[in-house]
Number of protein chains: 2
Amino acid sequence: MDRPTIDDVARAAGVTKATVSHAYSGKRPISATTKARVFAAAQRLDWVPSSRARALAARRTDAVGVVLSRDPTILASDAFFPAFISGVEAVLAEHEIALVLQVASSRTAEERAYRAMASGRADGVIVLDLHRVDWRVAYLRQIRLPAVLLGAYDAESPFSSVRTDDATPVRDLVARLREQGHTRIAHVSGPLDYVHSHARAGAYVRSVGSKELLREGDFTAGSGRALTAELLDLHDRPTAILYSNDTMAIAGFSYARSRGLVVPDDLAVAGFDDDHLSAHLSPALTSVFTDPFRRGRVAAERLLADLAGEPPESVTVDCNELRLRASTAGAAPEAPHTELEEEFS
Amino acid sequence: MDRPTIDDVARAAGVTKATVSHAYSGKRPISATTKARVFAAAQRLDWVPSSRARALAARRTDAVGVVLSRDPTILASDAFFPAFISGVEAVLAEHEIALVLQVASSRTAEERAYRAMASGRADGVIVLDLHRVDWRVAYLRQIRLPAVLLGAYDAESPFSSVRTDDATPVRDLVARLREQGHTRIAHVSGPLDYVHSHARAGAYVRSVGSKELLREGDFTAGSGRALTAELLDLHDRPTAILYSNDTMAIAGFSYARSRGLVVPDDLAVAGFDDDHLSAHLSPALTSVFTDPFRRGRVAAERLLADLAGEPPESVTVDCNELRLRASTAGAAPEAPHTELEEEFS
DNA sequence: GTGAAAGCGCTAACAC
DNA sequence: GTGTTAGCGCTTTCAC
């Protein structure tokens, strides 16, 4: 009553297990008739090769891993992750390769998770949330786990990477706001040690020529709100704020509204990532669509190519698209005074 | 230059591999000194047990699977899935158990995916999007793969399940709208062969006493829009519409607005699932929070309990919470006439 | 074109 | 408390 094994199939087909194995893998010529006998026997016995045994013998798991260093609760409210994973799965599903997910919230836990991947849970991994100086790059090389990095890693690395140009949309957006008369444009970034936050913030600073109105957030609604408060409390407050994701933008936007400011008349607001509901807010939120689905596809394809023996490569996905909406429409307000507005809040 | 094996460690520690194995598993008493020698040797050699070999020998993978029958592109815009997975991971991470995800978009692909899980990719699975008559229940039993069903499965099943009460919030919402004077209350459901869609629709029908204003959607924005159009075209159109998820509600809401209707004055609108941005829409969307994170936790805990040998059990998670917001506030409009409104659209 | 047999790196009886 | 040994169910040389 146990699951049948390759031996059972071999016996039923009157061949040896080597033949059964090769009939399926095609790694050696098998006569059409034996092949047919083998398949028939397998079908009759309802045999499915054991992935465990296969993994051990072939030193290959047919799975790809992702280790998430984020807190599980944060995963839930993130526009990027589900779309990215969908893209990855779209490719993996075609090859019947599984995706192994592991969440690790401390560095030790994360190292253990990567070691587990290397010890046979996965054949390679995709690394998200890349830091500008990322211990994982050295670590993965040390444990010799194939990887694809999502983001532009500056230092030398033996790994493939999937890059995007986050600077252009930021630059375009600043230019646009300038045309509309904005002179005090602020930026609420994500943690600056992330490569993507840093790229966006860097483009912002180069565009506006100053770090005065740059504030470092952490992608959560709480930080969006707090830093917006800080910016609006300035004597010479900004008339436009660019946020490094939509969650912070929406939090900032709600907060500004609670202070009696009208978006976009008193304050222009823009996000990043283009959450699927952002276009439905009112005013609709200007955002940058970063096509996480497509980046997921490309990352998965790249990893499969690496695993197939191709040399590592850095591919740049040109996917970012500035989506101008009502939250940044219209002319900049003239000389806003914080005091005045507080009377109406 | 190859990864060290348990034999290397045993040799280095001057013991046999059984001792090394037991020093880690604790499945037999090992003297403190030998244990220390073993750990030291392992650390020195930088040994990590091979999950592949371990899985084969122990007939256990230390992974839990989820097979998604949805199209990968749909995953991306779904409020439920990421939060649910986060909840699952929150539990699995503590036990260093991995989550194996596989997307399958046809029945054959899905069967293959489950067989792959059963053949060693995972020790058990969590089944989402349960149908009222679900072939997977019989199939999983046939291939003897432990499972936890998410939703109330009516027929006999040997599996644990995690249920919620979707009827109460629907009933409460209908009652509430009645109090506000609504008499024509419609419902745009999800596919009625899903247990959760069916439960919601059933509660709705029992509350309003008629199927006249029930329309079957498919959880996509497109169907939300189309069915809203259909309902608003009725001569005696509804003054309130309940949708079975927020995506359809928002699509319907935008469409109604495009026809010149004001929410909630002309039309009250409510969703289900409470997407994290729904409270930020204006008017803020009334919705039912279903705590997918918590349900993920419970499902994972239940599955681990099953795998540990406990008898299957059906647990009900009391997590649904009706969140009344502006989109259903105020009194019902009096005798709405479709013709009249069209003049202003 | 097929068979025989040696692993893959562990776990778990079974000894002592 | 520790050693010996037989698997787990495949893949892959090496023969013929």
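Helices (H or I, at least four residues) and strands (E, at least two) are DSSP runs, numbered from the N terminus. This is a predicted model, in which local features need pLDDT of at least 70, side-chain atom pairs count only at pLDDT 80 or more, and totals for chains, interfaces and linings use all residues. Residues are numbered from 1 along each chain as its sequence is written, chains are lettered from A and ligands numbered from 1 in the order in which they are written, and side-chain values use heavy atoms, with hydrogens and water left out.

**Helix α9 and the glycine after it**

Helix α9 of chain B covers residues 167-179, which makes 13 residues. From its first C-alpha to its last, α9(B) reaches 18 Å, close to the 18 Å expected at 1.5 Å a residue; the expected span is 1.5 Å times one less than the number of residues. Buried residues (under 20% relative accessible area; exposed is over 50%, partly exposed in between, with a 1.4 Å probe and protein chains only) in α9(B) are Ala167(B), Pro169(B), Val170(B), Leu173(B), Val174(B) and Leu177(B). An α-helix has 3.6 residues a turn, so residues three or four places apart point the same way. The cover over the buried residues of α9(B) includes helix α10 (195-208) and the strands β6 (185-189), β8 (240-243), β9 (268-270), β10 (287-289) and β12 (321-323) of chain B.

Gly181(B) follows α9(B) and has a positive phi, near 100°. In chain A, Gly181(A) is found in the loop between α9 (167-179) and β6 (185-189). Because its relative accessible area is 43%, Gly181(A) counts as partly exposed. Its C-alpha atom is separated by 6.1 Å from that of Ala331(A), although the two positions lie 150 residues apart along the chain.

**Paired strands in chain A**

Strands pair if DSSP finds at least two bridges between them. Strand β4 (residues 147-150) and strand β5 (residues 160-163) of chain A run parallel and are joined by three bridges. Three bridges also join β5(A) to strand β11 (residues 314-316) of chain A, again in parallel. Val162(A) in β5(A) stands opposite Leu150(A), and its bridge partner in β11(A) is Val315(A).

**Glu110 and Cys319 in both chains**

Glu110(A) is placed in helix α7 (residues 107-121) of chain A, and Glu110(B) in helix α7 (residues 107-121) of chain B. Contact means heavy atoms within 4.5 Å. Apart from neighbours within four places in sequence, Glu110(A) is in contact with Val67(A), Ser69(A), Ala104(A), Trp135(A) and Arg136(A). With residues up to four places away in sequence not counted, Glu110(B) touches Val67(B), Ser69(B), Ala104(B), Trp135(B) and Arg136(B). The side chains of Glu110(B) and Arg136(B) also make a polar contact at 3.5 Å. A polar contact is a pair of N or O atoms within 3.5 Å; within protein, one must be able to donate a hydrogen and the other to accept it, and residues adjacent in sequence count only if both atoms are side-chain atoms.

| Residue | Relative accessible area | Class |
|---|---|---|
| Glu110(A) | 6% | buried |
| Glu110(B) | 7% | buried |
| Cys319(A) | 7% | buried |
| Cys319(B) | 8% | buried |

Over all chains, the structure holds zero disulfides (pairs of cysteine sulfur atoms within 2.5 Å).

**How the two chains relate**

A turn of 180° and a shift of 0.1 Å along the axis lay chain A on chain B with an RMSD of 0.2 Å. The two copies are thus related as by a two-fold rotation axis. Superposition is by least squares on the C-alpha atoms of residues with pLDDT of at least 70 in both copies. The copies meet through the same surface, because 100% of the interface residues of chain A are also interface residues in chain B.
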